[in-house]
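Colleague: I am new to this one. Could you show me the model and explain how you know what you say about it?
Modeller: Gladly, here it is.

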Amino acid sequence: MTDFSPQSSQRHREENNLCASVASSVAGGKELPDWLNPEPWLNLEFSAADVQRAIGADSPNEKTLAALLSPAAAEFLEPMAQRAQAITRRHFGRTMKLYTPLYLSNFCNGGCLYCGIAADRRAKRAVLNEAQLRHEMQAIKAMHLEELVLLTGERMPEADVPYLEKCVSIAAEYIHNVNIEVFPMAEAEYRRLADVGCTGVTLYQETYDPAVYEKMHRWGDKRDFSARIDAPGRALRGGMRTIGIGALLGLADPRHDLLCVYRHAKYLLKNYWQAGVSISFPRIRPQLGGFQPDHPVNEKMLAQFIFALRICLPEIPLVLSTREPRRVRDGMAGLGISKMSVASKTTVGGYGSDSEDSTEQFEIDDNRDIPEFCAMLRAKGIEPVFKNWDAAYREPARYASQKLTSSFPA
Ligand code: SF4
(Lines give C-alpha, C1' and ligand atoms only; values in the text may rest on other atoms or scores of the structure.)
Protein backbone atom coordinates (compact mmCIF):
# COMPACT_ATOMS: atom_id res chain seq x y z
CA MET A 1 0.00 0.00 0.00
CA THR A 2 1.20 3.49 -0.75
CA ASP A 3 1.79 5.94 2.08
CA PHE A 4 0.61 8.79 -0.09
CA SER A 5 -2.97 9.97 -0.07
CA PRO A 6 -4.82 8.95 -3.25
CA GLN A 7 -7.62 11.27 -4.33
CA SER A 8 -10.47 10.78 -6.69
CA SER A 9 -9.29 11.14 -10.27
CA GLN A 10 -12.69 12.11 -11.66
CA ARG A 11 -12.15 15.88 -11.45
CA HIS A 12 -8.80 15.59 -13.18
CA ARG A 13 -10.29 13.48 -15.95
CA GLU A 14 -12.94 16.10 -16.59
CA GLU A 15 -10.35 18.87 -16.63
CA ASN A 16 -8.17 16.86 -18.97
CA ASN A 17 -11.01 16.23 -21.36
CA LEU A 18 -11.88 19.92 -21.43
CA CYS A 19 -8.36 20.64 -22.59
CA ALA A 20 -8.58 18.47 -25.68
CA SER A 21 -8.75 20.72 -28.70
CA VAL A 22 -11.01 18.30 -30.53
CA ALA A 23 -14.14 17.05 -28.83
CA SER A 24 -14.08 13.33 -28.15
CA SER A 25 -16.77 10.83 -29.02
CA VAL A 26 -17.46 7.56 -27.19
CA ALA A 27 -14.47 6.09 -28.94
CA GLY A 28 -12.47 9.25 -28.30
CA GLY A 29 -11.53 12.16 -30.56
CA LYS A 30 -9.98 10.53 -33.59
CA GLU A 31 -9.23 13.14 -36.18
CA LEU A 32 -5.69 13.59 -37.41
CA PRO A 33 -5.29 17.38 -37.57
CA ASP A 34 -4.07 18.96 -40.81
CA TRP A 35 -0.78 20.00 -39.25
CA LEU A 36 0.04 16.30 -38.72
CA ASN A 37 -1.40 14.83 -41.89
CA PRO A 38 1.32 12.91 -43.80
CA GLU A 39 -0.83 12.00 -46.81
CA PRO A 40 0.75 14.42 -49.35
CA TRP A 41 4.11 12.63 -48.96
CA LEU A 42 3.10 9.11 -48.02
CA ASN A 43 2.49 7.59 -51.41
CA LEU A 44 5.15 9.39 -53.44
CA GLU A 45 7.49 7.13 -55.39
CA PHE A 46 11.22 7.75 -55.16
CA SER A 47 14.11 6.76 -57.42
CA ALA A 48 17.69 6.02 -56.38
CA ALA A 49 18.62 9.55 -57.50
CA ASP A 50 15.88 11.01 -55.28
CA VAL A 51 17.29 9.11 -52.29
CA GLN A 52 20.85 10.26 -52.99
CA ARG A 53 19.68 13.88 -53.18
CA ALA A 54 17.79 13.44 -49.91
CA ILE A 55 20.86 12.06 -48.13
CA GLY A 56 22.76 15.23 -48.98
CA ALA A 57 19.89 17.67 -48.46
CA ASP A 58 20.82 20.98 -46.79
CA SER A 59 17.25 21.98 -46.00
CA PRO A 60 15.37 18.75 -45.38
CA ASN A 61 11.57 18.74 -45.31
CA GLU A 62 8.72 16.20 -45.37
CA LYS A 63 9.56 15.13 -48.91
CA THR A 64 13.19 14.53 -47.91
CA LEU A 65 12.07 12.38 -45.02
CA ALA A 66 9.59 10.46 -47.16
CA ALA A 67 12.41 9.64 -49.60
CA LEU A 68 14.70 8.46 -46.80
CA LEU A 69 11.96 6.32 -45.23
CA SER A 70 10.99 4.80 -48.57
CA PRO A 71 11.83 1.24 -49.67
CA ALA A 72 14.16 2.77 -52.27
CA ALA A 73 16.39 4.10 -49.48
CA ALA A 74 16.93 0.62 -48.02
CA GLU A 75 19.71 0.18 -50.60
CA PHE A 76 21.55 3.24 -49.28
CA LEU A 77 22.06 2.38 -45.63
CA GLU A 78 25.82 2.94 -45.72
CA PRO A 79 25.75 6.51 -47.08
CA MET A 80 22.79 7.28 -44.82
CA ALA A 81 24.78 6.02 -41.81
CA GLN A 82 27.77 8.15 -42.79
CA ARG A 83 25.68 11.32 -43.10
CA ALA A 84 23.84 10.54 -39.84
CA GLN A 85 27.13 10.02 -38.02
CA ALA A 86 28.59 13.29 -39.32
CA ILE A 87 25.47 15.22 -38.27
CA THR A 88 25.42 13.57 -34.85
CA ARG A 89 29.07 14.45 -34.21
CA ARG A 90 28.50 18.03 -35.34
CA HIS A 91 25.58 18.60 -32.97
CA PHE A 92 26.27 16.27 -30.03
CA GLY A 93 30.01 15.60 -30.23
CA ARG A 94 31.21 12.11 -29.37
CA THR A 95 28.90 11.84 -26.38
CA MET A 96 25.97 9.72 -25.21
CA LYS A 97 23.49 11.04 -22.65
CA LEU A 98 22.35 8.34 -20.21
CA TYR A 99 19.14 7.97 -18.22
CA THR A 100 17.18 5.24 -16.51
CA PRO A 101 13.45 4.54 -16.02
CA LEU A 102 11.83 3.86 -12.65
CA TYR A 103 8.35 2.28 -12.57
CA LEU A 104 6.42 3.73 -9.63
CA SER A 105 3.27 1.68 -10.21
CA ASN A 106 1.93 -0.93 -12.62
CA PHE A 107 -1.71 -0.49 -11.63
CA CYS A 108 -3.67 0.31 -14.78
CA ASN A 109 -7.28 0.26 -15.94
CA GLY A 110 -6.22 0.67 -19.57
CA GLY A 111 -6.93 -1.81 -22.33
CA CYS A 112 -3.93 -1.39 -24.63
CA LEU A 113 -3.57 -4.58 -26.65
CA TYR A 114 0.23 -4.42 -26.77
CA CYS A 115 0.83 -3.97 -23.03
CA GLY A 116 1.80 -6.57 -20.44
CA ILE A 117 0.15 -4.69 -17.58
CA ALA A 118 -3.20 -3.86 -19.26
CA ALA A 119 -6.18 -4.24 -16.93
CA ASP A 120 -7.12 -7.71 -18.23
CA ARG A 121 -3.64 -9.23 -17.77
CA ARG A 122 -3.04 -11.47 -14.79
CA ALA A 123 -0.26 -9.16 -13.71
CA LYS A 124 1.23 -8.88 -10.24
CA ARG A 125 0.51 -5.28 -9.28
CA ALA A 126 2.57 -3.05 -7.04
CA VAL A 127 3.04 0.62 -6.23
CA LEU A 128 6.01 2.13 -4.45
CA ASN A 129 5.46 3.75 -1.09
CA GLU A 130 7.67 6.55 0.19
CA ALA A 131 10.16 4.29 1.96
CA GLN A 132 10.49 2.07 -1.13
CA LEU A 133 10.88 5.07 -3.41
CA ARG A 134 13.67 6.47 -1.24
CA HIS A 135 15.33 3.06 -1.29
CA GLU A 136 15.13 3.01 -5.09
CA MET A 137 16.49 6.54 -5.35
CA GLN A 138 19.46 5.68 -3.15
CA ALA A 139 20.22 2.67 -5.36
CA ILE A 140 19.95 4.77 -8.55
CA LYS A 141 22.04 7.56 -7.05
CA ALA A 142 24.70 4.98 -6.16
CA MET A 143 24.90 4.13 -9.87
CA HIS A 144 25.78 7.83 -10.51
CA LEU A 145 22.82 8.28 -12.83
CA GLU A 146 21.54 11.85 -12.93
CA GLU A 147 18.55 11.60 -15.27
CA LEU A 148 15.46 9.66 -14.32
CA VAL A 149 12.08 8.91 -15.91
CA LEU A 150 9.28 8.02 -13.49
CA LEU A 151 6.58 5.77 -14.99
CA THR A 152 3.06 4.67 -14.12
CA GLY A 153 0.08 3.23 -15.98
CA GLU A 154 -3.12 5.19 -16.51
CA ARG A 155 -4.42 7.63 -13.89
CA MET A 156 -5.50 5.42 -10.97
CA PRO A 157 -6.34 5.97 -7.30
CA GLU A 158 -3.04 4.21 -6.51
CA ALA A 159 -1.04 6.56 -8.75
CA ASP A 160 -2.73 9.90 -9.40
CA VAL A 161 -1.42 13.45 -9.65
CA PRO A 162 -0.98 14.00 -5.87
CA TYR A 163 0.96 10.73 -5.71
CA LEU A 164 3.15 11.81 -8.63
CA GLU A 165 3.64 15.22 -7.04
CA LYS A 166 4.98 13.54 -3.93
CA CYS A 167 7.15 11.11 -5.92
CA VAL A 168 8.66 13.87 -8.07
CA SER A 169 9.49 15.97 -5.03
CA ILE A 170 11.19 12.97 -3.35
CA ALA A 171 13.08 11.96 -6.50
CA ALA A 172 14.20 15.58 -6.95
CA GLU A 173 15.92 15.41 -3.56
CA TYR A 174 18.30 12.86 -5.05
CA ILE A 175 18.48 13.67 -8.78
CA HIS A 176 18.19 17.01 -10.55
CA ASN A 177 16.76 15.83 -13.84
CA VAL A 178 13.43 14.15 -13.03
CA ASN A 179 11.04 13.36 -15.90
CA ILE A 180 7.73 11.55 -16.10
CA GLU A 181 6.24 9.06 -18.55
CA VAL A 182 2.68 8.75 -17.30
CA PHE A 183 -0.91 9.55 -18.39
CA PRO A 184 -1.83 12.78 -20.24
CA MET A 185 -2.76 15.59 -17.89
CA ALA A 186 -4.28 19.04 -17.84
CA GLU A 187 -1.92 22.01 -18.10
CA ALA A 188 -2.49 22.90 -14.43
CA GLU A 189 -1.53 19.38 -13.40
CA TYR A 190 1.68 19.54 -15.38
CA ARG A 191 2.34 22.86 -13.66
CA ARG A 192 1.98 21.22 -10.24
CA LEU A 193 4.63 18.67 -11.15
CA ALA A 194 6.94 21.25 -12.72
CA ASP A 195 6.71 23.29 -9.53
CA VAL A 196 8.05 20.41 -7.44
CA GLY A 197 10.97 19.65 -9.75
CA CYS A 198 9.74 17.76 -12.81
CA THR A 199 11.66 18.97 -15.87
CA GLY A 200 10.32 16.87 -18.71
CA VAL A 201 7.59 14.61 -20.05
CA THR A 202 7.78 11.61 -22.34
CA LEU A 203 4.50 10.78 -24.04
CA TYR A 204 4.36 8.55 -27.10
CA GLN A 205 1.33 8.80 -29.33
CA GLU A 206 1.80 5.03 -29.92
CA THR A 207 0.31 5.40 -33.41
CA TYR A 208 -0.87 8.42 -35.39
CA ASP A 209 -3.24 6.27 -37.41
CA PRO A 210 -6.67 6.99 -35.87
CA ALA A 211 -8.23 3.69 -36.98
CA VAL A 212 -5.36 1.58 -35.63
CA TYR A 213 -5.29 3.70 -32.49
CA GLU A 214 -8.94 2.94 -31.84
CA LYS A 215 -8.38 -0.79 -32.37
CA MET A 216 -5.32 -0.92 -30.08
CA HIS A 217 -6.90 0.96 -27.18
CA ARG A 218 -9.90 -1.13 -26.29
CA TRP A 219 -11.15 0.98 -23.39
CA GLY A 220 -10.07 3.64 -20.93
CA ASP A 221 -9.02 7.29 -21.04
CA LYS A 222 -6.28 6.48 -23.53
CA ARG A 223 -8.89 6.02 -26.25
CA ASP A 224 -9.01 9.79 -26.55
CA PHE A 225 -6.65 10.13 -29.53
CA SER A 226 -6.80 13.92 -29.74
CA ALA A 227 -6.30 14.53 -26.02
CA ARG A 228 -3.08 12.56 -26.32
CA ILE A 229 -1.87 14.48 -29.37
CA ASP A 230 -2.44 17.76 -27.54
CA ALA A 231 -0.76 16.64 -24.30
CA PRO A 232 2.84 17.59 -25.24
CA GLY A 233 1.72 21.19 -25.80
CA ARG A 234 -0.10 21.20 -22.46
CA ALA A 235 3.01 19.83 -20.74
CA LEU A 236 5.20 22.58 -22.19
CA ARG A 237 2.68 25.31 -21.34
CA GLY A 238 2.58 23.78 -17.87
CA GLY A 239 6.25 24.52 -17.33
CA MET A 240 8.06 21.44 -18.62
CA ARG A 241 11.35 22.10 -20.35
CA THR A 242 11.54 18.99 -22.47
CA ILE A 243 9.11 16.73 -24.27
CA GLY A 244 9.83 13.29 -25.68
CA ILE A 245 7.57 11.97 -28.43
CA GLY A 246 7.49 8.85 -30.57
CA ALA A 247 5.42 6.09 -32.12
CA LEU A 248 5.39 2.47 -31.00
CA LEU A 249 6.86 0.94 -34.13
CA GLY A 250 4.93 -2.08 -35.32
CA LEU A 251 1.38 -0.95 -34.57
CA ALA A 252 0.75 0.78 -37.91
CA ASP A 253 2.58 1.66 -41.14
CA PRO A 254 5.86 2.94 -39.68
CA ARG A 255 6.40 5.38 -42.57
CA HIS A 256 3.04 7.00 -41.86
CA ASP A 257 3.78 7.19 -38.14
CA LEU A 258 7.32 8.55 -38.53
CA LEU A 259 6.19 11.27 -40.94
CA CYS A 260 3.67 12.24 -38.25
CA VAL A 261 6.36 12.16 -35.55
CA TYR A 262 8.47 14.49 -37.70
CA ARG A 263 5.55 16.86 -38.23
CA HIS A 264 4.67 16.72 -34.53
CA ALA A 265 8.26 17.61 -33.57
CA LYS A 266 8.36 20.51 -36.05
CA TYR A 267 5.02 21.79 -34.73
CA LEU A 268 6.26 21.72 -31.14
CA LEU A 269 9.55 23.39 -32.03
CA LYS A 270 7.69 26.14 -33.89
CA ASN A 271 5.14 26.79 -31.17
CA TYR A 272 7.37 26.22 -28.12
CA TRP A 273 10.66 27.40 -29.50
CA GLN A 274 12.52 27.25 -26.16
CA ALA A 275 11.53 23.63 -25.49
CA GLY A 276 13.74 20.61 -25.92
CA VAL A 277 12.06 18.04 -28.14
CA SER A 278 13.38 14.49 -28.43
CA ILE A 279 12.23 11.46 -30.40
CA SER A 280 12.34 7.80 -29.36
CA PHE A 281 12.10 4.67 -31.50
CA PRO A 282 10.36 2.03 -29.35
CA ARG A 283 9.51 -1.25 -31.06
CA ILE A 284 6.97 -3.78 -29.81
CA ARG A 285 8.61 -6.16 -27.33
CA PRO A 286 7.45 -9.55 -26.01
CA GLN A 287 5.00 -9.00 -23.16
CA LEU A 288 2.40 -10.78 -21.03
CA GLY A 289 -0.53 -11.00 -23.44
CA GLY A 290 1.55 -12.12 -26.43
CA PHE A 291 0.55 -9.29 -28.80
CA GLN A 292 2.21 -9.59 -32.22
CA PRO A 293 2.59 -6.46 -34.39
CA ASP A 294 0.88 -6.20 -37.80
CA HIS A 295 3.74 -4.08 -39.14
CA PRO A 296 6.94 -5.57 -37.72
CA VAL A 297 10.01 -3.38 -38.01
CA ASN A 298 13.23 -5.36 -38.41
CA GLU A 299 16.67 -4.13 -37.38
CA LYS A 300 17.58 -2.95 -40.86
CA MET A 301 14.39 -0.90 -41.12
CA LEU A 302 14.97 0.54 -37.64
CA ALA A 303 18.46 1.66 -38.64
CA GLN A 304 17.12 3.25 -41.83
CA PHE A 305 14.43 5.11 -39.88
CA ILE A 306 16.89 6.41 -37.29
CA PHE A 307 19.27 7.65 -39.99
CA ALA A 308 16.37 9.29 -41.84
CA LEU A 309 15.17 11.20 -38.78
CA ARG A 310 18.72 12.24 -37.89
CA ILE A 311 19.32 13.65 -41.38
CA CYS A 312 16.00 15.51 -41.33
CA LEU A 313 16.12 16.75 -37.69
CA PRO A 314 19.84 17.38 -37.09
CA GLU A 315 19.56 19.07 -33.69
CA ILE A 316 16.99 16.86 -31.97
CA PRO A 317 18.14 14.21 -29.49
CA LEU A 318 17.23 10.74 -30.76
CA VAL A 319 16.71 8.11 -28.06
CA LEU A 320 17.12 4.32 -28.04
CA SER A 321 16.18 2.31 -24.97
CA THR A 322 17.17 -1.04 -23.49
CA ARG A 323 14.19 -2.57 -25.31
CA GLU A 324 16.67 -3.09 -28.10
CA PRO A 325 19.29 -5.84 -28.18
CA ARG A 326 22.87 -4.87 -27.45
CA ARG A 327 23.99 -5.36 -31.06
CA VAL A 328 21.44 -2.76 -32.22
CA ARG A 329 22.33 -0.30 -29.46
CA ASP A 330 26.05 -0.74 -30.02
CA GLY A 331 25.59 -0.27 -33.75
CA MET A 332 23.42 2.83 -33.43
CA ALA A 333 25.53 4.60 -30.78
CA GLY A 334 26.88 7.69 -32.45
CA LEU A 335 25.18 6.92 -35.78
CA GLY A 336 22.17 9.11 -35.03
CA ILE A 337 21.30 8.13 -31.48
CA SER A 338 22.50 10.61 -28.86
CA LYS A 339 20.68 9.40 -25.75
CA MET A 340 20.16 5.91 -24.29
CA SER A 341 18.65 4.33 -21.23
CA VAL A 342 20.89 2.04 -19.23
CA ALA A 343 20.53 -0.59 -16.51
CA SER A 344 16.74 -0.38 -16.91
CA LYS A 345 14.09 -2.28 -14.97
CA THR A 346 10.49 -2.47 -16.19
CA THR A 347 9.13 -3.95 -12.98
CA VAL A 348 7.93 -1.64 -10.20
CA GLY A 349 11.04 -0.59 -8.39
CA GLY A 350 13.61 -3.25 -9.10
CA TYR A 351 16.72 -1.23 -8.35
CA GLY A 352 16.71 -1.68 -4.60
CA SER A 353 13.25 -2.36 -3.17
CA ASP A 354 11.51 -5.62 -2.30
CA SER A 355 8.73 -5.09 -4.90
CA GLU A 356 10.74 -6.27 -7.88
CA ASP A 357 8.61 -9.37 -8.41
CA SER A 358 5.80 -7.30 -9.98
CA THR A 359 4.94 -7.98 -13.62
CA GLU A 360 7.06 -6.04 -16.12
CA GLN A 361 5.39 -3.91 -18.80
CA PHE A 362 7.54 -5.56 -21.47
CA GLU A 363 10.83 -7.46 -21.66
CA ILE A 364 14.03 -5.53 -21.97
CA ASP A 365 16.83 -6.94 -24.11
CA ASP A 366 20.03 -5.12 -23.17
CA ASN A 367 20.70 -6.12 -19.56
CA ARG A 368 24.24 -4.75 -19.24
CA ASP A 369 25.16 -2.85 -16.12
CA ILE A 370 26.52 0.67 -16.31
CA PRO A 371 30.27 -0.15 -16.27
CA GLU A 372 29.88 -2.69 -19.06
CA PHE A 373 27.72 -0.36 -21.16
CA CYS A 374 30.05 2.62 -20.65
CA ALA A 375 33.03 0.44 -21.58
CA MET A 376 31.33 -0.32 -24.90
CA LEU A 377 30.73 3.40 -25.53
CA ARG A 378 34.30 4.36 -24.68
CA ALA A 379 35.66 1.60 -26.92
CA LYS A 380 33.80 3.35 -29.75
CA GLY A 381 35.26 6.71 -28.78
CA ILE A 382 32.00 7.92 -27.24
CA GLU A 383 31.97 9.54 -23.79
CA PRO A 384 28.96 8.68 -21.58
CA VAL A 385 27.33 11.79 -20.10
CA PHE A 386 25.55 11.43 -16.77
CA LYS A 387 24.85 15.13 -16.20
CA ASN A 388 25.02 18.17 -18.47
CA TRP A 389 23.01 20.87 -16.71
CA ASP A 390 22.97 22.67 -13.38
CA ALA A 391 20.42 23.30 -10.64
CA ALA A 392 19.01 26.41 -12.37
CA TYR A 393 17.51 23.99 -14.90
CA ARG A 394 14.87 23.12 -12.30
CA GLU A 395 13.10 26.46 -12.69
CA PRO A 396 9.82 25.68 -14.53
CA ALA A 397 9.72 27.02 -18.06
CA ARG A 398 7.28 29.84 -18.81
CA TYR A 399 5.93 30.04 -22.34
CA ALA A 400 2.41 31.35 -22.17
CA SER A 401 3.15 35.02 -21.51
CA GLN A 402 6.29 35.18 -23.63
CA LYS A 403 6.32 36.84 -27.02
CA LEU A 404 8.97 36.05 -29.57
CA THR A 405 11.06 39.22 -29.84
CA SER A 406 14.16 39.93 -31.81
CA SER A 407 17.01 42.32 -31.04
CA PHE A 408 18.11 42.22 -34.65
CA PRO A 409 17.35 45.22 -36.82
CA ALA A 410 14.49 44.73 -39.27
S1 SF4 B 1 0.28 1.06 -22.24
FE2 SF4 B 1 0.00 2.32 -20.39
S3 SF4 B 1 -2.20 2.85 -20.39
FE4 SF4 B 1 -1.95 1.11 -21.80
S5 SF4 B 1 -2.39 -0.70 -20.55
FE6 SF4 B 1 -0.16 -0.35 -20.51
S7 SF4 B 1 0.26 0.87 -18.70
FE8 SF4 B 1 -1.95 0.98 -19.13
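Colleague: Which residue follows α5, and what is the sign of its phi?
Modeller: Gly93 follows α5, and its phi is positive, near 65°. Please keep in mind that this is a predicted model.

Colleague: How do you know that the span of helix α5 agrees with its number of residues?
Modeller: Helix α5 has 16 residues, 77–92, so at 1.5 Å a residue it should span 22 Å. Its end C-alpha atoms are 21 Å apart, which agrees.

Colleague: Which residues of α5 are buried, and what makes them so?
Modeller: They are Met80, Arg83, Ala84, Thr88 and Phe92. We call a residue buried because 20 or more other C-beta atoms lie within 10 Å of its own.

Colleague: Why do you say that the buried residues line one face of the helix?
Modeller: Looking down the axis of α5, they fall within an arc of 135°, so they line one face. Glu78 and Arg90, on the other side of α5, are exposed. As for partners, the buried residues pack against α3, α4, β1 and α12.

Colleague: What gives the most to the largest nonpolar core?
Modeller: That core has 114 residues, and α12 gives the most to it, with 8 residues. Leu150 is among the residues with the most contacts inside the core. Beyond its neighbours within four places in sequence, Leu150 is in contact with residues including Leu102, Val168 and Ile180.

Colleague: How many residues of the shell around the ligand are charged?
Modeller: The shell has 2 charged residues, along with 5 nonpolar and 2 polar ones. Among the residues around the ligand are Glu154 and Lys222, which count as charged because Glu and Lys belong to that class.

How values were computed. Residues numbered from 1 in each chain as written. Predicted model: local features only at pLDDT ≥ 70, side-chain atom pairs only at ≥ 80, totals over all residues. Helix = DSSP H or I, 4+ residues; strand = E, 2+ residues; numbered from the N terminus. Expected span 1.5 Å × (residues − 1). Buried ≥ 20, exposed ≤ 12 C-beta atoms within 10 Å, placed from the backbone. Arc of directions from axis to C-beta. Contact = placed C-beta atoms within 7 Å. Near = placed C-beta within 6 Å. Core = buried A, V, L, I, M, F, W, Y, C linked by C-beta atoms within 7 Å.
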